[in-house]
Amino acid sequence: MAFIQSIHKVEVNVQTIRAALLVGLSLSIGWGVRGNFGHEYGAMLPGALAALAGVLVLGRREWLPRMAYFGFCGALGWAFGGSISYMQVISYTHSGHLPSVIYGYGGLLVIGFLWAAMGGLAVTLTAEASGRRLSTLFRPLMWIVTVWIGLHFVLIWLAQFEARYIDDRTWQRQASGLYWMDSDWIQVLTAGLALVAFELYDSRFRHWSKWLLLAGGGALAGWLVQMLLTATGVLPRLLVWPLVQYQADAALIARLAEERGQAIEQIHADLLTNWPNWFSLFPQHVGWVIGLLIGVVIYCLRFGRFRSGSGLLMSMVVGWYIGFVLMPVLLGFGGAGLRMTPPRGDNWAGIVGVVVATVWWMLRHGYSRAAYAGLLCGLVGGLGFAGATLLKLLMLALGNPNLTSDPTVIERWRFWQHSNWHSFLEQSYGLINGLGLFLALYWLRNRPPRFARDSRTEPSLWRHIIAIAGLLFGVIFLNMQKNVQTWVELKAVPESLRLPGFENINLSAYSWFCLGFLALTCCGIGLLRSHLRRPLDWMPTHWLGRGQLLYLVFLWIVVVMNFERALVRFSEGRLLTEGTIFLNAILVTWMVSRWPPAANDPSRARNIAALHPNQSVNWLKMTGLATAVLAMCLLVMPAITRQVYGATFAGHANQQKRFGSDALWRTTPIFKSKRHS
């Protein structure tokens with residue numbers, strides 16, 4: 001009997017290792033692709049793949065019917081980190097300047113933690129939430145998406161309008177009236193306003209008159225206060241440091257003024273401040289706009305109930321603004337201070353607020369285990385980002401021309417040095433992130449479910465369709481449409497094409513792409529709707545098979561979509577990226593397809609009653625783990641880097657420093673009339 005039990009334990013351990021590898025590789029594939037598409041949209045890809053893989057190999061039977069929601073929420077959760085600027089932080093670790101190296105590893109820890117924590121929290125909440133709670137999140141979320149679609153076209157119009165006065169929209173974006181520390185503040189603001197509109201609708205406009213009174217009264221009060229302060233001469237006295245900070249080193253500005261023979265005020269007029277540009281472009285409107293927003297906030301605090309899932313989303317909006325305004329805006333100190341990557345964007349501070357607000361909401365509503373698991377994922381992600389960068393630096397030490405002057409050694413390692421090591425860092429970090437998500441789900445899997453599953457309270461089949469369509473058509477379109485611009489720029493596809501036989505129908509390549517994708521989307525949603533009435537023959541009848549089908553379809557769309565983007569400018573160096581992604585995709589395809597059913601899988605076929613009986617979380621252990629991770633990133637990793645490189649610049653990144661007289665924020669302030677650094 002003991003021998004049989006030992007065989008069973010070994011089999012479970014092997015399956016667990018396989019499961020960890022599958023989730024890690026899934027996120028690694030998405031992370032390798034993410035950099036080609038960039039920002040929030042690109043970050044959705046690894047989040048969706050890893051969440052789907054995690055539930056397939058770890059999910060209990062009651063998790064499997066939620067497969068589409070895991071993928072959808074995983075994409076949304078990992079998207080948050082895509083707004084954070086990090087290339088400059090990586091450069092700090094390469095600089096050879098010890099204070100900057102330490103700061104760089106610390107910054108990567110923070111960024112990696114934020115990125116993985118939001119992704120982990122989104123997935124673990126999906127696992128723990130009741131069916132009713134999960135279902136209610138869709139309605140307010142759809143309001144935000146609808147408003148953002150409208151905002152997209154408004155911003156396009158605004159960009160075209162401002163292009164008359166700004167020569168280059170890409171590099172002189174800081175001259176835009178909506179520029180505020182290169183952040184997504186306008187998207188967050190409109191999300192909050194969408195939730196306020198949803199709250200009015202959800203309450204059947206019961207307090208619409210109070211909303212109108214408070215918003216209008218706040219606007220009037222703000223306008224009167226501004227007029228009063230202006231008339232009495234008090235306003236100019238308020239607009240001084242630290243409330244208003246010019247984003248440049250004061251010593252540099254004084255030197256420039258002396259060299260150019262200009263007054264400091266003239267140079268200040270071309271500098272950014274810690275507030276949105278429209279404050280200085282349209283100062284006469286600041287008072288009533290701020291007053292209106294304060295009135296709306298008072299309404300929300302006094303009359304808003306924010307049910308139907310909107311409470312979590314509004315908490316995230318408020319948290320973003322608290323984190324952003326508190327740290328880089330008020331404590332930025334003229335371009336440094338609590339700005340992580342001056343002069344680049346400071347969305348990281350907003351995401352700090354989002355993570356704190358999300359954890360606060362989850363603890364307040366009884367989701368302490370989901371919060372614990374999500375933070376565990378975040379700690380692994382933080383350690384992984386810093387650790388993958390250290391691993392890259394160790395690999396680059398071999399034959400590094402900055403460390404040796406021997407021409408024979410340099411020539412021998414030339415090909416090695418010219419490989420795409422940034423992609424190595426990205427995919428390695430993705431693998432570690434995937435392991436973090438695996439640990440979070442594994443920890444939850446071994447505890448009894450928080451809610452008894454009731455099919456009557458689970459999200460409706462229509463919401464399943466929304467989640468699946470959001471993955472296969474929404475997330476894919478947001479990324480794939482970027483390929484068209486690449487094809488046109490490299491002349492692989494004509495800028496416009498005529499329809500054969502109809503010469504008057506001449507549309508841009510992007511328009512043809514959108515029309516084709518729209519047709520595909522309508523077909524897909526139509527088939528899903530038809531499946532509700534009469535099951536399609538090719539659709540698996542059990543949830544595990546459906547999950548495997550969704551995972552494999554999404555995976556290979558991502559792989560092919562990425563190859564389409566790279567193909568038009570493929571080179572020898574792309575073998576490390578696209579080649580690795582392709583081989584990993586083959587490996588996970590085999591693993592998912594051959595994964596044993598739940599009834600035959602000893603790692604999943606367990607009696608729920610026999611699971612870990614302790615439902616509490618140990619925050620003391622979490623604190624100890626966080627302390628160990630902090631010590632690794634701030635002490636051990638910089639020490640290893642120093643031992644290998646000394647004070648030598650490692651190369652393979654721009655030589656940038658965070659501290660000292662030659663720090664980038666000191667030497668290269670952002671002027672409205674010059675290119676953005």
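Modeller: A helix, as the word is used here, is a DSSP run of H or I with at least four residues, and helices are numbered from the N terminus. The model discussed below is predicted.

Biologist: In which loop is methionine 181 found?

Modeller: As background, most residues other than glycine have a negative phi. Methionine 181 has a positive phi of about 55° although it is not a glycine. Its place in the chain is outside the helices on either side, in the loop between helix H7 (138-162) and H8.

Biologist: Is methionine 181 buried or exposed?

Modeller: A residue is called buried when its relative accessible area is under 20%. For methionine 181 that area is 4%, and therefore this loop residue is buried.

Biologist: What is the relative accessible area of phenylalanine 306?

Modeller: Phenylalanine 306 is another residue that is not a glycine and has a positive phi, in its case about 50°. It is found in the loop between H14 and helix H15 (310-329). Phenylalanine 306 is buried, and its relative accessible area is 14%.

Biologist: What is the orientation of H8 to H14, roughly parallel or oblique?

Modeller: The axes of helix H8 (residues 185-202) and helix H14 (residues 286-303) come within 12 Å, and they cross at roughly 45°. An angle has to be under 35 degrees to count as roughly parallel, and one between that range and the 65 to 115 of roughly perpendicular counts as oblique. The crossing angle therefore makes H8, with respect to H14, oblique.

Biologist: How many nonpolar residues does the contact of H8 with H14 have?

Modeller: The H8 side is made by Leu189, Val196, Glu199 and Leu200, which meet Leu293, Val296, Tyr299, Cys300 and Phe303 in H14. Sorted by class, this contact has no polar residues and one charged residue, while its nonpolar residues number eight.

Biologist: Is the crossing of H3 and H21 left-handed or right-handed?

Modeller: Helix H3 (residues 67-79) packs against helix H21 (residues 461-489) at an angle of about 50°, and their axes are 9 Å apart. H3 and H21 are therefore oblique to each other. The handedness of their crossing is left-handed.

Biologist: How many polar residues are in the contact of H3 with H21?

Modeller: From H3 the contact draws on Ala68, Tyr69, Gly71, Phe72 and Ala75, and the H21 residues include Arg463, His464, Ala467 and Ile468. By class, the contact of H3 with H21 has eight nonpolar residues and one charged residue, and its polar residues number three.

Biologist: How many nonpolar residues are there in the contact of H17 with H25?

Modeller: Helix H17 (residues 368-396) and helix H25 (residues 619-645) pack at an angle of about 10°, with their axes 10 Å apart. That angle is why H17 is described as roughly parallel to H25. The residues of this contact include four that are polar and one that is charged, and the number that are nonpolar is 21.

Biologist: Which residues have the most contacts inside the largest nonpolar core?

Modeller: A nonpolar core is built from buried residues of certain kinds, joined through side-chain atoms within 4.5 Å. The largest one has 154 residues, and those with the most contacts inside it are Leu22, Leu45, Tyr551 and Phe554.

Biologist: How many residues does the second, separate core have?

Modeller: Tyrosine 551 touches, among others further than four places away in sequence, Leu22, Leu49, Leu52 and Val588. A second core, separate from the largest, includes Ala248, Leu252, Leu256 and Leu271, and its residues number eight.

Biologist: How far apart in space are glycine 335 and threonine 273, C-alpha to C-alpha, and what is that value?

Modeller: Glycine 335 lies in the loop between H15 and helix H16 (347-364), and at 5% relative accessibility it counts as buried. Beyond its neighbours within four places in sequence, glycine 335 is in contact with Tyr246, Gln247, Pro342 and Trp665. Glycine 335 and threonine 273 are 62 residues apart in sequence, while the C-alpha to C-alpha separation in space is 8.8 Å.

Biologist: What is the relative accessible area of threonine 146?

Modeller: The place of threonine 146 is in helix H7. A residue counts as exposed when its relative accessible area is over 50%. Threonine 146 is therefore exposed, with a relative accessible area of 55%.

Key: Residues numbered from 1 in each chain as written. Predicted model: local features only at pLDDT ≥ 70, side-chain atom pairs only at ≥ 80, totals over all residues. Heavy atoms only, no water. Buried < 20%, exposed > 50% of the residue type's maximum accessible area, 1.4 Å probe, protein only. Contact = heavy atoms within 4.5 Å. Axes fitted to C-alpha atoms, helices over the stretch in contact; angles between N-to-C directions. Helix = DSSP H or I, 4+ residues; strand = E, 2+ residues; numbered from the N terminus. Parallel < 35°, antiparallel > 145°, perpendicular 65-115°, else oblique. Nonpolar A, V, L, I, M, F, W, Y, C, P; charged D, E, K, R; others polar. Left-handed = near helix turned anticlockwise from the far one by under 90°.
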